[in-house]
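Biologist: I am new to this structure. Please take me through a close look at one part of it, the open sheet, and then place that part in the wider model.

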Amino acid sequence: MSSLAAVTAAMKLGGPVTGFVAGSGAKAVAEEAGKVKGLNKVIYVENGAYDKGLPENFAPLLVENIKKEGFTHIFAGHSAFGKNLMPRVAALLDSQQISDITAIEGEDTFVRPIYAGNAILTVKTSDATKVITVRGTAFTSDETQEGTAELVEGTDPKSACPTEWISEDLAKSDRPDLATASKVVSGGRGLKSKEEFDRLMPPLADALGAAIGASRAAVDSGFADNSLQVGQTGKNVAPQLYLCAGISGAIQHLAGMKDSKVIAAINKDPDAPIFQVADVGLVGDLFEKVPELTEKLKNA
Amino acid sequence: MTSLKILVPVKRVIDYAVKPRVNKTSTAIETANVKHSMNPFDELSIEEAVRLRERSLPVTDILAFTAGPAKSSDVLRTALAMGADRGMHVVVDEKKGELEPLGVAKLLQKVVMEEERNVVILGKQSIDDDANQTGQMLAGLLNWPQATQASKVDIEDDTVTVTREVDGGVETLRAKLPIVITTDLRLNEPRYASLPNIMKAKKKPLVKKTMEEMGVDLGKRLQTVKVQEPPARKGGEKVEDVDGMIRKLKELGAL
């Protein structure tokens, strides 16, 4: 999804846009990618050494292909993959990366939030090759087209990778992906325990078809998995509806959700800062209000 | 086993609890008379370095480094009070503005070479520019392995095993020293510097250097066009009960 946002951002410059994929079965992925609206060309490199996206060999691979094709702009999603890889690419290209952009003002001028979204910075770069990561929620697109993009096999420098990938442990869920869900329900410290979090939040999420998020306090207290954290250091979300319970609204949390279309909050403290940004606020005990809301939504 | 010579870069930033304000000319964030402290992720870096030593790993020394205006020495002293052995401060003329991550990475590359470091632990991002770049750039410049957003670090002989926070969960990587690691909030809980340790830190060596002495070209690549307040949200409407909430959400088209 974050790659689609990168394509959408790249299209705004008006020039031809090339996609890049590497790994086992890269050609098949390239054929799929060729259907993304806006891509003129897809470069693929077929080599299992790139499957885990390790930056130690992926960065030299990208740099080789960037130099060969003479690209002026390199866009990637500001995802865990993009965050890990792109600064390494930028350093190898001697370029000062611009992270997590939310708007494009010109071919060298970009807009990005700083200070946890408390300020919006517009910067102009003098770098010949512009390396940019893109905030997914700011450049949304799901359009596809007939596969008209040209497929080209890329150069493979086969750089050695000093890092070995051992294992992963990804939280499995049938719910929508947090970063792209149209509805998010989120719980905070006010839920008091993992048992209460697990008792109250999933049914509410199911009643709405929403993804589940959490505040840092809830994650730190072990109520919810780290990958569910919304905020400056967690995920940025901008759903149609962000409904939160037991979250006070610290600036680090607001950084991750204040671009949501509609914010609704349930909190027993009428002075909680979350109510200053919430379109709909309900002051009350979440242990009563959340189950009541869940029941009424189910029956609606 | 290979002895560990650790470098921990730290940054002085506006305290995380302060709400930053854009200045009157819309050119920067107001920093005068605002509480500053060590970037929270850098506290985790220092803590992790000290814990490696406490785990009886052969830590030769822990060098805390910062580049910034004169006042940045304060955060170095904090790092020393938490357990770093010595500090290095590259003093940057405030009028020249903030260094960019690429410039900091080049400075760090130089320090790594001169001080013969084999482990660099950085915060994953600073909470002011939110760039999340310096560690990865440094690893690229050094051509070293990188383990970013680390939530667990194990070192045995010269093998480093790191668990990383990624989208949707965690992954585990293994590499040989030397290595660049960046810290995620999950890594540890930084200690408070005790008063005796703060007193002791005042006696620890802290060298100051100028940019000229470092001899690194740090020409700026980015020019600030403007800094603005984000659009304000018009929140604050409260409803009486759950029915009111559902009604209002329907009105707003959210349900």
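Modeller: What follows starts with the sheet and then moves outward to the two chains.

Keep in mind that this is a predicted model.

The sheet is open and has six strands. Its order is 12(A)-11(A)-13(A)-14(A)-15(A)-13(B), and the pairing is parallel. In general, strands of a sheet pair through backbone hydrogen bonds. Both chains contribute here: the list of strands ends with strand 13 of chain B.

Which strands form the edges? One is strand 12 of chain A, residues 211-214. The other is strand 13 of chain B, residues 238-239. Each of these two pairs on one side only.

Now look at the place where the chains join in this sheet. Strand 15 of chain A covers residues 280-283. Strand 15 of chain A pairs with strand 13 of chain B in the parallel sense, over two bridges. Within this pairing, Gly281(A) stands opposite Lys238(B).

A helix lies over part of the sheet. Helix 8 of chain A, residues 286-299, lies across three strands of chain A. These are strand 13 (241-245), strand 14 (262-267) and strand 15. Helix 8 runs at about 135° to strand 14 of chain A.

Next, a second place where the chains meet. Lys83(A) sits in helix 4 of chain A, which spans residues 80-92. Is Lys83(A) buried or exposed? Lys83(A) counts as buried because its relative accessibility is 13%, and the cut-off for buried is under 20%. Leaving aside residues up to four places away in sequence, Lys83(A) touches Gly77(A) and His78(A). Lys83(A) also touches Asn132(B), Gln136(B) and Gln149(B), which belong to chain B. Val134(A) is 51 residues from Lys83(A) along the chain. The C-alpha atoms of Lys83(A) and Val134(A) are separated by 10.0 Å.

Helix 1 of chain A, residues 2-11, adds another piece. Its buried residues are Ala5(A), Ala6(A), Val7(A), Thr8(A), Ala9(A) and Ala10(A). They pack against strand 3 (73-77), strand 5 (103-106) and strand 8 (130-134) of chain A.

Step back to chain A as a whole. It has eight helices and 15 strands. Buried residues make up 56% of its 300 residues. The C-alpha trace of chain A spans about 60 × 40 × 40 Å along its principal axes. A compact globule with 300 residues would have a radius of gyration near 19 Å, so the 21 Å of chain A agrees. Among contacts in chain A between residues at least 6 apart in sequence, 63% join residues at least 24 apart. Chain A exposes about 12,200 Å², with 48% supplied by carbon and sulfur atoms.

Then chain B. It has seven helices and 13 strands. Of its 255 residues, 54% count as buried. Its C-alpha trace spans about 65 × 40 × 40 Å along the principal axes. In chain B, 72% of the contacts with a separation of 6 or more come from residues 24 or more positions apart. The accessible surface of chain B is about 11,700 Å², and 50% of that belongs to carbon and sulfur atoms.

One record entry applies to chain B. In an unreviewed entry, UniProt lists residues 26-218 of chain B as "domain: Electron transfer flavoprotein alpha/beta-subunit N-terminal". Over residues 26-218 chain B is 31% helix and 32% strand. The end C-alpha atoms of that stretch are 25 Å apart.

Definitions and conventions:
Residues numbered from 1 in each chain as written. Chains lettered and ligands numbered in written order. Predicted model: local features only at pLDDT ≥ 70, side-chain atom pairs only at ≥ 80, totals over all residues. Heavy atoms only, no water. Pairing = 2+ DSSP bridges. Helix = DSSP H or I, 4+ residues; strand = E, 2+ residues; numbered from the N terminus. Contact = heavy atoms within 4.5 Å. Axes fitted to C-alpha atoms, helices over the stretch in contact; angles between N-to-C directions. Buried < 20%, exposed > 50% of the residue type's maximum accessible area, 1.4 Å probe, protein only. UniProt positions renumbered as here; feature names shortened; annotations may be inferred. Areas by Shrake-Rupley, 256 points an atom, 1.4 Å probe, with all protein chains shown as cover. Rg over C-alpha atoms; globule rule 2.2 N^0.38 Å.
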